[in-house]
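I opened this entry to record what I looked up in the structure, beginning with the packing of nonpolar residues.

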Amino acid sequence: HIALRRGTRTQLGVGNDVLVYRMTASGDTVFVALNRGDAAQPATGLPSGNFVDAITGQPVTGPVTIPPRTALVLTQ
């Protein structure tokens, strides 16, 4: 996805251990959710809806919970 390399980043949610942001470029949108903590955390700010995990190709339905010490890269 070109949005990850050259997109515009918009922060959607932030917490002590969580960062959620959106990258957009040329009609391409990617959502990134990071959890550096030791417990699962909600992806605050990520819109509800249907996504595809860009790493595994598996469908993901929001709201999303981020597993501990994990990053998610989602497309719609």
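**Nonpolar cores.** In this predicted model, I looked up the largest nonpolar core and found twelve residues in it: Val18, Val20, Phe31, Ala33, Ala43, Leu46, Phe51, Val60, Val64, Ile66, Leu72 and Leu74. I noted that β2, β3 (28-35) and β8 (70-75) are the elements that give two or more residues to this core. I also recorded a second, separate core of five residues, among them Tyr21, Met23, Val30 and Val32.

**Ala33.** I listed the contacts of this core member, leaving out residues up to four places away in sequence. Ala33 touches Leu19, Val20, Ala43, Ile66, Thr70, Ala71 and Leu72.

**Sheet.** I traced an open sheet of six strands with antiparallel pairing, in the order β1-β2-β3-β8-β5-β6. Its edge strands, β1 (8-14) and β6 (59-61), each pair on one side only. From one strand to the next, I read an average twist of 30°. I then examined β1 and β2 (residues 18-25), which run antiparallel and are joined by six bridges. Within this pair, Gln11 has Tyr21 of β2 as its bridge partner.

**Asp53.** I located Asp53 in strand β5 (residues 50-53). Is Asp53 buried or exposed? I classed Asp53 as buried because its relative accessible area is 11%, and the cut-off for buried is under 20%. A polar atom of the Asp53 side chain lies 2.8 Å from the backbone nitrogen of Ile55. Not counting residues up to four places away in sequence, I found that Asp53 touches Gln58, Val60, Leu72, Val73 and Leu74. Of these contacts, I noted that Val60, Leu72 and Leu74 belong to the largest nonpolar core.

Terms used
Residues are numbered from 1 along each chain as its sequence is written. This is a predicted model: local features need pLDDT of at least 70, side-chain atom pairs count only at pLDDT 80 or more; totals for chains, interfaces and linings use all residues. Side-chain values use heavy atoms; hydrogens and water are left out. Two strands pair if DSSP finds at least two bridges between them. Helices (H or I, at least four residues) and strands (E, at least two) are DSSP runs, numbered from the N terminus. Axes are lines fitted to C-alpha atoms, for helices over the stretch in contact, and angles run from 0 to 180 degrees between N-to-C directions. Buried means under 20% relative accessible area, exposed over 50%, partly exposed in between (1.4 Å probe, protein chains only). A polar contact is a pair of N or O atoms within 3.5 Å; within protein, one must be able to donate a hydrogen and the other to accept it, and residues adjacent in sequence count only if both atoms are side-chain atoms. Contact means heavy atoms within 4.5 Å. A nonpolar core is a set of buried Ala, Val, Leu, Ile, Met, Phe, Trp, Tyr and Cys residues joined through side-chain atoms within 4.5 Å.
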